[in-house]
Amino acid sequence: MIRGLRILALSVLACAPLVCRAAAPAGASITPNFKDANIREIIQAVSAATGKDIIVDPRVNAQVTMYSATPLSPKAFYQAFLSILSVYGYIAVPSGHNIVDIVPNTDERVMPGINLPKTVSPTSDEIVTQVIPVKNVSAAQLVPILRPLVPEWGHLAAYPPSNLLIISDRASNVHRIMRIVERMDRVGNQDVDVMPLQNASATQVVQVINQLYQGQAAAQMGRMFKVVADPRTNSVLISGDPDERLRIRALVAELDTPSASGGDTRVVYLHYASAKKLAPELEKQMRELAEIATVGGGPKGTAQAAAEKNALVWADTQTNALVITAPPKVMTTILHIISQLDIRQPQVLVQAIIAEVDINRTSDLGVNWAAYSQVNKLPLGGFVEPVGNTSIVDLVAAAKSTSNLTTSLLEGTTIGIGEVSAGGVSFAAMLRALRSNDGTNIVATPSAVTLDNQAAVLKSVEEVPYVTGQYTSASTVTNGSVTPFQTYQQLEVGTILKVTPTISATGNSVMLKISVESSSVLPTSTSAVNPTTLKRSITTNVLIRNKGIVVLGGLIENQQDRSNAGIPYVGEIPILGWLFKARNDSAARTNLMIFIKPTIMRNQAQATGQTDNTYRYMLQQEKAVPPKEWPPLLRGQPNPQLPPLPPAGTGAAPTPTPQPATGATRPPPS
């Protein structure tokens with residue numbers, strides 16, 4: 001009988017295309033039992049039972065064994081069929097109206113399947129594609145965690161811009177992944193508690209909590225919380241499990257209690273700023289912070305308010321250190337201010353070139369003659385006009401008395417002729433020609449190095465005495481002669497450079513408040529006590545880029561004077577007219593140019609480089625001095641020489657960080 005039933009079942013399967021095409025009637029049940037049956041025969045039975053048109057891939061081939069103890073509905077029989085395909089590595093993909101494709105599961109990624117269903121069955125083995133939105137955690141971080149739970153032929157990827165997960169797999173496994181993502185997304189959705197501290201330092205409290213739960217204790221707890229400090233608001237931020245957050249809040253509240261002394265003391269050593277100048281400003285800042293806290297609704301009359309109001313700071317000038325006594329909240333603010341002010345300031349090298357050229361030219365040419373009676377001292381006639389400050393009268397007077405003969409009378413070319421007698425007529429004539437060329441070329445290259453916003457003064461001058469006043473008294477009269485008492489002032493003559501640089505916020509330009517003066521004693525000055533000086537000066541503000549060159553200005557003067565003296569009409573007669581005229585021509589030209597070049601030196605390496613360049617220049621100038629002539633007049637006296645430049649560190653000193661500990665040791669300077 002059993003053998004007959006098997007033959008009957010096989011005959012039913014054989015008539016699938018024609019006889020078994022209709023679906024099983026509603027309410028019909030099927031009890032499938034197969035042993036080593038070809039999977040294609042089972043596919044024909046499923047098609048006959050469910051009424052689906054099934055297309056089988058040529059690669060589908062397997063021997064299937066299936067036992068069922070209870071009857072199955074057509075729908076349940078189809079779900080059992082999907083399980084058989086899953087076991088043997090095949091999938092059923094819906095394609096079109098009532099059509100199902102049976103293909104190997106390796107083709108799952110390129111088959112449509114069921115896309116984005118509203119609900120995913122936890123028991124079905126259908127192939128579905130689902131998009132899972134993630135709200136609280138990163139979808140890209142979930143991919144490596146969930147990928148081992150998806151078969152190799154399945155698809156799992158993240159879309160970071162929208163924080164989505166895309167998965168394609170059997171419905172049962174997709175449902176499981178969705179539940180896992182839901183649980184993980186819920187764990188990441190935790191609130192953050194912000195606890196502002198009134199007494200303790202948020203940074204120190206976080207350090208204490210992290211030290212308390214580090215190592216083995218943290219591993220046992222799994223660190224279900226995270227604690228972060230916000231120094232700006234002196235607050236502690238707590239995230240994690242609600243129970244853990246509640247426990248950490250209680251611990252932070254216990255730590256945020258005022259100390260017994262009402263404050264704390266810190267010793268901060270400064271590297272660059274002046275403790276004497278900084279202490280009054282910091283104390284003023286602490287007073288204002290206390291006033292702001294009181295006006296803003298803070299507690300009045302409490303120990304904390306009194307500690308903030310009585311906070312103080314004083315400077316130890318010997319060690320350039322600040323001693324600060326203040327509550328932790330105020331202390332944190334003050335230490336932050338100190339760390340921003342006590343920094344290395346950049347330096348500025350200001351190089352100037354002062355070029356001055358003066359040219360003076362003078363020409364004098366003229367003839368003097370005179371005739372007069374020596375008896376009655378009456379002049380008979382003549383042409384007298386000073387030529388180069390000398391006339392025929394001066395020359396005659398000097399000829400009579402050699403004591404009146406001075407060098408100025410014989411300057412240039414002076415030719416005189418005449419006769420001076422006691423009686424009768426005396427006559428004299430003079431031809432005088434004089435030309436002078438004066439040229440002055442002054443080049444000064446002063447330079448100065450100063451800190452940002454600090455004034456620098458460079459002087460290369462001579463001090464010349466200048467009488468400012470005098471008076472006499474009875475004690476100054478000796479033997480009828482008066483000796484006045486005089487007061488003097490030293491007048492600085494030379495090159496003076498005053499500069500105050502300010503580096504711009506961008507750091508690539510320098511604003512210079514500069515004053516340049518170049519003065520000298522005129523060679524025509526007749527007094528050694530009250531000399532006549534010539535001064536050129538410029539005072540201005542300029543903006544120059546780093547290592548740029550700008551000309552501040554120039555004083556340019558060009559003056560020409562020409563004078564002719566002679567007898568009208570007669571002096572214009574050719575050749576003969578030279579006996580009745582004198583000429584004087586003069587020309588003066590003055591040029592002064594000042595060039596400025598600033599160089600920003602932000603660290604020690606740049607300052608050392610500038611020093612090395614200048615020192616090498618001085619060594620070259622020293623070598624350019626000619627050697628001693630032989631034989632030497634001073635024996636055993638060596639030439640002075642510059643020693644080699646000693647090595648210096650090139651590292652820039654780091655910005656010091658104030659140490660929040662009482663009795664802190666001074667960090668070594670860089």
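Trainee: In what order do the three strands of the open sheet stand?
Mentor: Happy to start there, and keep in mind that this is a predicted model. The pairing in this open sheet is mixed. Reading across the three strands, the order is S2-S5-S4.

Trainee: Which strands stand at the edges, and why is one side of each left without a neighbour?
Mentor: Look at how many partners each strand has. An edge strand here has a single partner strand, so one of its sides has no neighbour in the sheet. That describes S2 (53-56) and S4 (90-94).

Trainee: Which residue of S5 is the bridge partner of Val93?
Mentor: Good one to trace by eye! S4 and S5 (residues 99-104) run antiparallel to each other and pair over five bridges. Follow Val93 across to S5 and you arrive at its bridge partner, Asp101.

Trainee: What angle does the direction of helix H3 make with that of S4?
Mentor: Two helices pack on this sheet, so to speak, in turn. Helix H2 (residues 39-50) touches S2, S4 and S5, and its direction makes about 165° with that of S2. Helix H3 (residues 74-88) touches S4 and S5, and its direction makes an angle with that of S4 of about 135°.

Trainee: Moving to Ser509, is this residue buried or exposed?
Mentor: Ser509 lies in strand S25 (residues 509-521). Its contacts beyond four places in sequence include Thr502, Leu543 and Ile600. Its relative accessible area is 17%, and the cut-off for buried is under 20%. Ser509 is therefore buried.

Trainee: Which side chain does the side chain of Ser509 join in a polar contact of 3.5 Å?
Mentor: Stay with the side chain of Ser509 for this one. The polar contact of 3.5 Å links it to the side chain of Asn508.

Definitions and conventions:
Residues numbered from 1 in each chain as written. Predicted model: local features only at pLDDT ≥ 70, side-chain atom pairs only at ≥ 80, totals over all residues. Heavy atoms only, no water. Pairing = 2+ DSSP bridges. Helix = DSSP H or I, 4+ residues; strand = E, 2+ residues; numbered from the N terminus. Contact = heavy atoms within 4.5 Å. Axes fitted to C-alpha atoms, helices over the stretch in contact; angles between N-to-C directions. Buried < 20%, exposed > 50% of the residue type's maximum accessible area, 1.4 Å probe, protein only. Polar contact = N/O pair within 3.5 Å; in protein donor to acceptor, adjacent residues only side chain to side chain.
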